[in-house]
Structure formats: structure tokens, C-alpha cells
Amino acid sequence: ARSVKLFTSSRDTQGLRDTWWNELREEIRAHARSLSCAAVVGYSETANYQDELVVLSATGTAAYLKLPDETVSQTGGHKLPLPCAVGHTPYLRHESPLPLRLELCGLCGRKYVPELLLATVDVPPKLPCLGEAHLIQARVGRLKKKLTGESHA
């Protein structure tokens with residue numbers, strides 16, 4: 001999530017900057033809730049200043065955390081988490097809030113997993129994956145017109 005604000009030292013106070021960050025954090029929480037996720041992992045915040053503008057950025061990965069006692073292993077009925085549970089989606093294939101291609105988990109065959117997983121954190125060490133993880137970076141650049149003032153922020 002990103003927010004562009006006009007930064008003027010004469011009217012700017014720490015309380016105003018805290019309000020801006022709280023708005024951005026609430027937007028991240030709302031995005032996670034819209035995906036039926038109760039946690040955000042790999043969360044980070046950055047601020048970039050250019051003249052009188054500040055661009056606030058917050059990034060993270062929405063996650064559905066499954067507690068260890070929610071999954072029963074096939075050996076002896078002991079309650080152990082399946083190693084693939086961290087990749088399962090919290091919704092059914094036809095109830096996905098996003099246009100995703102979901103497949104049945106190749107390990108347990110009971111839950112759905114995304115064909116492609118984009119995350120801001122490293123893959124957990126015991127998560128079985130097909131193929132290798134690759135770093136993907138994307139940036140969007142636009143020319144800025146030479147305009148000033150709050151209405152052009």
C-alpha cells in the first residue's frame with residue numbers, strides 16, 4: 001500500500017505523520033481481511049522524500065495462520081501440523097476473492113494451494129515445493145510534471 005502526502009515543516013507535526021502511518025497500516029489490515037487472512041508477515045515500512053512530497057510505502061504478505069493442533073497427522077492420531085499446511089488457501093477453489101489458479105495440494109490432497117506463490121518472505125524451510133524459488137522485481141516509473149502544491153501531490 002502506498003500513500004503520497006504533502007510534507008511542509010511549518011504545519012507538519014509528529015502526530016500528523018503518525019496519523020498517516022496509521023492510515024496506511026489500517027489499509028494493509030483491510031487488504032489482509034479481504035483475503036480472509038488474520039496476519040501479515042514480512043511487514044516493512046519505507047518513506048521516500050522528494051522536495052515537499054513524501055511517499056509512504058507499506059508491504060507485507062497476508063497470511064492465514066494455522067495452529068498446530070488444527071491438523072491431525074495420519075500416524076497414530078497425534079496432533080502434528082502437516083508440512084504443507086502453510087501453503088493452503090483459507091477458502092475453497094470457487095470462493096477465491098482473486099482470480100487465482102488453485103490446485104489440490106500434491107502432498108495431502110485435501111486443501112487447495114496456489115499454482116504460483118508471491119511472497120515478501122522466504123519460503124519456510126520444511127515446505128515441500130516443486131521447482132525453485134526465484135526473485136522477481138517489478139517497478140513502475142512515470143515522468144513527473146513540474147507542478148507544485150497540495151492539489152498536485
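This is a short walk through the fold of one protein chain. Please keep in mind that the model is predicted.

Start with the inventory. The protein chain has one helix and five strands. Read from the N terminus, the order is β-α-β-β-β-β.

Now the sheet. Three strands make an open sheet. Their order across the sheet is 1-3-2, and the pairing is antiparallel. Which strands stand at the edges? Strand 1, residues 2–6, and strand 2, residues 39–50. Each has a single partner strand, so one side of each lacks a neighbour in the sheet. From one strand to the next, the twist averages 15°.

As a reminder, strands of a sheet pair through backbone hydrogen bonds, in a parallel or an antiparallel sense.

Look at one pairing in detail. Strand 1 meets strand 3, residues 53–63. How many bridges join them? Five, in the antiparallel sense. If you want a landmark on screen, find Ser3: its bridge partner in strand 3 is Leu56.

Next, the chain as a whole. It has 153 residues, and 21% of them count as buried, with the cut-off at under 20% relative accessible area. The exposed surface of the protein chain comes to about 11,900 Å². Carbon and sulfur atoms supply 55% of that area.

Last, contacts. Take those between residues at least 6 apart in sequence. Of these, 51% join residues at least 24 apart.

To recap: one helix, five strands, and an open antiparallel sheet in the order 1-3-2.

Key:
Residues numbered from 1 in each chain as written. Predicted model: local features only at pLDDT ≥ 70, side-chain atom pairs only at ≥ 80, totals over all residues. Heavy atoms only, no water. Helix = DSSP H or I, 4+ residues; strand = E, 2+ residues; numbered from the N terminus. Buried < 20%, exposed > 50% of the residue type's maximum accessible area, 1.4 Å probe, protein only. Contact = heavy atoms within 4.5 Å. Areas by Shrake-Rupley, 256 points an atom, 1.4 Å probe, with all protein chains shown as cover. Pairing = 2+ DSSP bridges. Axes fitted to C-alpha atoms, helices over the stretch in contact; angles between N-to-C directions.
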